[in-house]
Amino acid sequence: MPHPTQNTARLTAEITQRLAYLSHDLHQLPADEAVQVIARIVNPDDGILGAFTQLVEAGSRLARHQAERGALPAEVWLSLGRAANELYSIGLDLDDHKDTLVQFGTRTGLAASKPPAPAPLVARRRR
């Protein structure tokens, strides 16, 4: 039986490769299908973003224990904690738009339907 580290390293490489494929394929999809995929990716219940956030949170907890033992610098733990918090915040921001993404993602023939009126793009500033 392979060592768990070997399986984990192989799994990590496979997930990374599959995400690269997904990113590439997303550019090739028609608009309605691409929105469906994006809606699934950012779905807070079972999407990739939520799963990745949980993974970074787990890494942060592990790094905390390692930092407390002196095996890792505290900065590593703090950086992973900040990353987890930022990902969580991004997930909350996107959750505000979940219904819209699902609505547009489930429309049949999105490209053929009347598009919504264009809106000026506004960048939000974080304080």
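1. Val-42 is placed in the loop that runs between helix α2 (31-41) and helix α3, in what should be read throughout as a predicted model. With a relative accessibility of 17%, Val-42 counts as buried, because the cut-off for that class is under 20% relative accessible area. Val-42 also takes part in a contact between distant parts of the sequence: Gly-91 is 49 residues away along the chain, yet the two C-alpha atoms are 7.2 Å apart in space.

2. As to the overall make-up, the secondary structure of the protein chain amounts to 5 helices and 0 strands, and reading along the sequence gives the pattern α-α-α-α-α. Of the 127 residues in the protein chain, 17% are buried, and Val-42, discussed above, is one of the residues that count as buried.

3. How do helices α3 and α4 pack against each other? Helix α3, which covers residues 48-69, and helix α4, which covers residues 74-95, pack at an angle of about 160°, and their axes lie 8 Å apart. That angle makes α3 roughly antiparallel to α4, since angles over 145 degrees are counted in that class. The crossing in which α3 passes α4 is left-handed.

4. Two further residue pairs can be looked at alongside this packing. Glu-86, which is found in helix α4, has its C-alpha atom 9.0 Å from that of Thr-53, although the two residues are 33 positions apart in sequence. Glu-86 is itself partly exposed, with a relative accessible area of 45%. In the other pair, Leu-62 and Leu-80 are separated by 18 residues in sequence and by 9.8 Å in space, again from C-alpha to C-alpha.

5. Leu-62 deserves a separate remark about its surroundings. This leucine lies in helix α3, and its relative accessible area of 52% puts Leu-62 in the exposed class, because that class begins over 50%. A reader who looks at the pair formed with Leu-80 should therefore keep in mind that Leu-62 is exposed, while the C-alpha atoms of the two leucines are 9.8 Å apart.

6. Which residues make the nonpolar surface patch? Leu-11, Ile-15, Leu-19 and Ile-48 together form a patch of about 330 Å², and helix α1, residues 4-28, gives the most to it, with 3 residues. Leu-19 has its place in helix α1 and is partly exposed at a relative accessible area of 38%. That value is compatible with membership of the patch, because patch residues need over 30% relative accessible area.

7. The structure holds 2 salt bridges. In one of them the side chains of Arg-18 and Glu-14 meet, with an N to O distance of 3.3 Å. Because Arg-18 and Glu-14 are 4 residues apart in helix α1, about one helical turn separates them. Their accessibilities fall in separate classes, since Arg-18 counts as exposed at 54% relative accessibility, whereas Glu-14 is partly exposed with a relative accessible area of 36%.

8. The other salt bridge joins Glu-68 to Arg-64, and here the closest N and O atoms are 3.1 Å apart. Glu-68 and Arg-64 are 4 residues apart in helix α3, so about one helical turn lies between them. Glu-68 is exposed, its relative accessible area being 53%, while Arg-64 is partly exposed at 41%.

Definitions and conventions. Residues numbered from 1 in each chain as written. Predicted model: local features only at pLDDT ≥ 70, side-chain atom pairs only at ≥ 80, totals over all residues. Heavy atoms only, no water. Patch = residues over 30% accessible without salt bridge, like charges linked within 9 Å, V, L, I, M, F, W, Y side chains within 5 Å. Areas by Shrake-Rupley, 256 points an atom, 1.4 Å probe, with all protein chains shown as cover. Salt bridge = Lys/Arg side-chain N within 4 Å of Asp/Glu carboxyl O. Helix = DSSP H or I, 4+ residues; strand = E, 2+ residues; numbered from the N terminus. Buried < 20%, exposed > 50% of the residue type's maximum accessible area, 1.4 Å probe, protein only. Axes fitted to C-alpha atoms, helices over the stretch in contact; angles between N-to-C directions. Parallel < 35°, antiparallel > 145°, perpendicular 65-115°, else oblique. Left-handed = near helix turned anticlockwise from the far one by under 90°.
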